[in-house]
Structures are given as structure tokens and as C-alpha cells.
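Please open the model in your viewer and keep the sequence beside it, since this tour moves from the whole chain to single residues.

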Amino acid sequence: MSERPGEASNRIAFTGSTLARLSEKRTDDAIDVARADLQTRWFVHLGGKVLLDFVIEERPRSLFSSNELIPFGPNFSESILLGFQDGHAFCAVPGEHDPETLPTPFRAADLRSVYAQGLVSREELSMLAQAFSLNSWHGSHKHCGRCGA
């Protein structure tokens, strides 16, 4: 299906993902393997906001390498493997850093602002929307809905 110029659905966040989720092929240690891979890219969630690097003011960066995560207090036990692109993993991780006290050039923004201001590409926006949705679901479903375990 081709995109139609001006079509409102072209701007919906979930429509631009090019990630291959490969959920049926993942192993139990998939997130650990992704964490060890220096090519893995991470979205960082800070208190319901996304971490952005504004070194280039006009085009903030929302994806980070594993090595860049440490100052933001990543909670790897709550990591989410979003999928793969070109053989590399894309993940999301909640951070413990206060989003209001980030050092320059970092800022935290809510997903609506990221979308409304066009701060990231459509492809990244799609991945961010998926990451936020899964992170929200994981946060509100700590126990089995059937047995409570």
C-alpha cells in the first residue's frame, strides 16, 4: 500500500516501524545478548518521558548505545527488546535519573511533545510509541491477570 500525501494516518506513530520483532525466535537471554552488543540502540524512559540528546538542536537524538546509558541509571531488569533492524537490536530501558535535573545537552520530553514538535523521525517515533506502550503495560501488569502470581 502506498502512502498518500496529506493522509492523516501517515502521521500515526505506530505506522512507521521497520523493526522485525522476531518474538517467536527469541531466546530467554535475548536482552542480555542485546545488552552485550555494542551496536544495540536504546531508548531511555525517565519518569514517563523520553531522554533526548540536543547536541544538534534541530535534530535531537533519541537512541543511545549501551555505553552512553550509565549516567542515566538504567534499570536493565526492566528492559524491553523492541525488535531488530539490519541485524541489530533496538531496546528500551527505564532510567532512574530525575528528568528535571539532566545535564546539558540532555532533556526529557513527553511523547506527545516529541510527536507534535517532530523532534524525531517517523521511524523512531514508531519505535518510541511501541516502547512507551510496552513500558506502560509492564508497569501496570506486575502480576498475572489470571492467578495473581
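Begin with the whole protein chain in this predicted model, and colour it by secondary structure: from the N terminus on, the elements run α-β-β-β-β-β-α-α, which gives three helices and five strands. Of the 149 residues in the chain, 36% are buried.

Next, select the strands together, and an open sheet of five strands appears, with the order β3-β4-β1-β2-β5 and mixed pairing. At its edges stand β3 and β5 (106–109), each with a single partner strand, so one side of each is left without a neighbour in the sheet. If you look along the sheet, neighbouring strands are turned by 30° against each other on average, direction ignored.

Now select residues 80–85, which form strand β3. Is this strand largely enclosed or not, given its surroundings? Five of its six residues are buried, so β3 is largely enclosed by the rest of the structure.

Add strand β4 (residues 88–94), which runs antiparallel to β3 and is joined to it by five bridges; here Phe84 stands opposite Ala89 in β4. In the hairpin of these two strands, two residues lie between them, and Asp86 takes a positive phi near 55°.

Keep β4 on screen and select residues 41–46, strand β1, which pairs with β4 in the parallel sense over five bridges. To find one of the contacts of this pair, show Val44, whose bridge partner in β4 is Val93.

Finally, select residues 122–140, helix α3, which lies across β1, β2 (49–53), β3 and β4 and runs at about 155° to β3.

Technical notes. Residues numbered from 1 in each chain as written. Predicted model: local features only at pLDDT ≥ 70, side-chain atom pairs only at ≥ 80, totals over all residues. Heavy atoms only, no water. Helix = DSSP H or I, 4+ residues; strand = E, 2+ residues; numbered from the N terminus. Buried < 20%, exposed > 50% of the residue type's maximum accessible area, 1.4 Å probe, protein only. Pairing = 2+ DSSP bridges. Axes fitted to C-alpha atoms, helices over the stretch in contact; angles between N-to-C directions. Contact = heavy atoms within 4.5 Å.
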